[in-house]
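Trainee: Got a minute? I have a protein model open and would like to go through it with you.
Mentor: Sure, put it up.

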Amino acid sequence: MASATLSTPVSKAANPRRGMPKWVWALPPVAVLALVFLYPLALVVQQSVQPDTGGTSLKPYADVFASSAFREALGTTVWLALGATVGCLVLGFALALVIAFVPFPGGKAVAKFIDVFLSFPSFLITLALLFVYGSVGMANGLWTDVTGAASGPFQFLTTPWGVLLAEVTYFTPFVMRPLLAAFSQIETAQLEVASSLGAKPARIVRQVILPEALPALAAGGSLVLVMCLNEFGIVLFTGAKGVTTLPMLVYSKAILESDYPGACVVAVVNVLISVGLYGLYRVVSRRAGA
């Protein structure tokens with residue numbers, strides 16, 4: 001009898017009350033997202049179809065697409081992003097191989113430093129390169145002190161190659177991080193068996209390590225490609241003459257020319273390219289994690 005009476009409140013407590021529908025709890029974050037991101041993006045899209053003459057038309061798109069500045073900026077953005085991605089893949093793969101499979105003192109500390117490096121702002125790396133290879137940097141200063149020349153030979157940072165070097169330097173750890181995670185899953189027994197059968201290091205890398213690293217390479221390369229397409233700080237801080245990317249073109253049209261519809265058009269194009277590549281990155285990342 002007592003057990004029967006005690007079981008009643010327990011069973012009631014076990015059944016949760018019917019509260020608000022679950023979709024109600026999604027409203028606050030959706031509202032914040034709409035206010036902080038979607039609403040400003042909608043304003044940019046709206047401004048891109050409203051020329052200074054008034055009304056609504058696609059004339060700003062026609063003007064921007066017909067301009068040589070936009071075509072040059074698009075071409076520069078694409079080739080810098082592709083070049084930096086290829087450089088990061090090659091350098092990141094080589095460095096990750098050394099850290100993961102070549103025992104040396106401080107290897108674990110280097111691997112930990114890569115995680116810290118990912119938090120550095122891009123302009124900080126660019127400033128470091130300017131201190132070393134800039135017109136009045138350490139390398140040029142040492143050259144002028146030794147030779148007595150008026151200027152040093154290292155002037156490449158103000159060229160597209162300087163931007164490319166800065167982007168490869170900054171974004172390589174974004175490739176190394178997933179590679180190191182992939183290399184940690186490779187059993188050393190596979191490498192030992194391949195070595196005992198007479199396989200040389202190059203063949204072991206090509207036939208054993210590289211197939212396991214391909215998903216991580218694809219994921220890291222996709223991420224670097226997306227980030228390079230939107231990079232602004234590196235191009236700005238290097239001061240490279242004649243290097244105008246899409247983000248720099250947005251800045252130029254909005255701040256220097258006060259052409260807000262044109263700036264919004266370039267921004268919309270940049271967003272569309274970035275979203276498309278980000279979708280590709282998500283697909284590749286999902287396959288890499290599978």
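Trainee: Where is confidence lowest, and where is it highest?
Mentor: This is a predicted model. Helix H1, residues 2-14, has the lowest confidence, with a mean pLDDT of 48. Helix H5, residues 68-101, has the highest, at 92.
Trainee: What contacts does the stretch over residues 1-8 have beyond near neighbours in sequence?
Mentor: Zero in the model, and its pLDDT is below 50. Residues 10-14 are also below 50, again with zero contacts beyond near neighbours in sequence. Where pLDDT is low, don't read the predicted coordinates in detail.
Trainee: And what does the protein average?
Mentor: A pLDDT of 82, and 91% of the residues score at least 70.
Trainee: New topic, pockets. How much space lies in the largest pocket?
Mentor: About 250 Å³. It is lined by 14 residues. Closest to its centre are Ile-99, Ala-100, Gly-107, Ala-111 and Leu-180.
Trainee: Which helix gives the largest share of that lining?
Mentor: H6, with four residues. H5, H6 (107-117) and H9 (160-183) each supply at least two.
Trainee: How does the lining divide into nonpolar, polar and charged?
Mentor: Nine nonpolar, two polar and three charged.
Trainee: Now cysteines. How many disulfides does the count come to?
Mentor: Zero.
Trainee: Why is there no bond for Cys-228?
Mentor: Because the closest cysteine sulfur, in Cys-88, is 5.9 Å away, too far for a bond. The cut-off is 2.5 Å.
Trainee: Is Cys-228 buried or exposed?
Mentor: Buried, with a relative accessible area of 4%. Cys-264 counts as buried too, at 12%.

Notes:
Residues numbered from 1 in each chain as written. Predicted model: local features only at pLDDT ≥ 70, side-chain atom pairs only at ≥ 80, totals over all residues. Heavy atoms only, no water. pLDDT = per-residue confidence, 0-100. Contact = heavy atoms within 4.5 Å. 1 Å grid on protein atoms, 1.4 Å probe; cavity = no way out; pocket = protein on both sides within 12 Å on 5 of 7 lines; lining within 4 Å. Points joined across faces, edges and corners; volume = space filled by probe spheres on them. Nonpolar A, V, L, I, M, F, W, Y, C, P; charged D, E, K, R; others polar. Buried < 20%, exposed > 50% of the residue type's maximum accessible area, 1.4 Å probe, protein only.
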